[in-house]
Amino acid sequence: MKKGLEKFYELVEAFESLPTVGKKSALRLAYHIVMNDNYCGVKLAHSIESAIKNIKKCTKCGSMSEHEICEFCLDETRNQKMLCIVQSAKDIFVIEESKQFDGLYFVIEELDEHNMNKLIDLVNENRVTDILFAITPSISNDAFILFIEDKLKQFDINFMKIAQGVPTGVSLENVDLISLSKAIESKVII
């Protein structure tokens, strides 16, 4: 660490500790805030502090919220009988951006008794008929899905998972074998 620039390098290290931010990007961000736009830095610091203080998990579904219950759980226009299970609250933002799902959400980061009881209560309370698993395809996540299906077997529920296969615009030589196998297995008639 350069003598006399300890605070600058502390800021670089703070940026570098964020996911997907490497050394060069961290250096650029720190330099921009310190040398080009102090107001941006103050605004960023205030926004971070405010978010940390005010954002928490929804007590019903585990999504992010500034209130005890999130906007999705409170929205009566959403399909209350359709539930999408995700493993991270940030996945909800991606699904919402697609505008292809209008039901409720449930976040399960860990398969523990508390989360399973909350899920069962939500399914029972809303008389859920359809559950969509929107989780990254993998062998361990297939076991995750089977575990949840087993815990909900007393309900009359249609279980679905998001389709998987070859992404648009990617040549076959760049697709992993599992994705290619799933795409061939799930072929559609055109």
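Let's start with a right-handed β-α-β unit, built from β3, helix α5 (residues 89–98) and β4. Keep in mind that this is a predicted model. The helix, α5, lies across β3 and β4, and runs at about 155 degrees to β4.

Now look at the two strands of that unit. Strand β3 (residues 79–86) pairs with β4 in the parallel sense, and five bridges hold the pairing. For a place to put your finger, find Asn 79: its opposite number in β4 is Gly 103. In general, strands of a sheet pair through backbone hydrogen bonds, in either a parallel or an antiparallel arrangement.

Zoom out a little and the pair turns out to belong to an open sheet of four strands, ordered β4-β3-β5-β6, with parallel pairing. The edges are taken by β4 and β6 (158–161); each has a single partner strand, so one side of each is left without a neighbour in the sheet. On average, neighbouring strands here are turned by 25 degrees against each other, ignoring direction.

Over at the β6 edge, the partner is strand β5 (residues 130–133), which runs parallel to β6 and is joined to it by four bridges. One spot to check is Phe 133, whose bridge partner in β6 is Lys 161.

Back to β4 for one last point. As an edge strand, β4 has one side without a neighbour in the sheet, so is it buried or exposed? Five of the five residues in β4 (residues 103–107) are buried, so the strand is largely enclosed by the rest of the structure. Buried here means under 20% relative accessible area.

Terms used. Residues numbered from 1 in each chain as written. Predicted model: local features only at pLDDT ≥ 70, side-chain atom pairs only at ≥ 80, totals over all residues. Heavy atoms only, no water. Buried < 20%, exposed > 50% of the residue type's maximum accessible area, 1.4 Å probe, protein only. Pairing = 2+ DSSP bridges. Right-handed = clockwise from strand over helix to strand, strands pointing away. Axes fitted to C-alpha atoms, helices over the stretch in contact; angles between N-to-C directions. Contact = heavy atoms within 4.5 Å.
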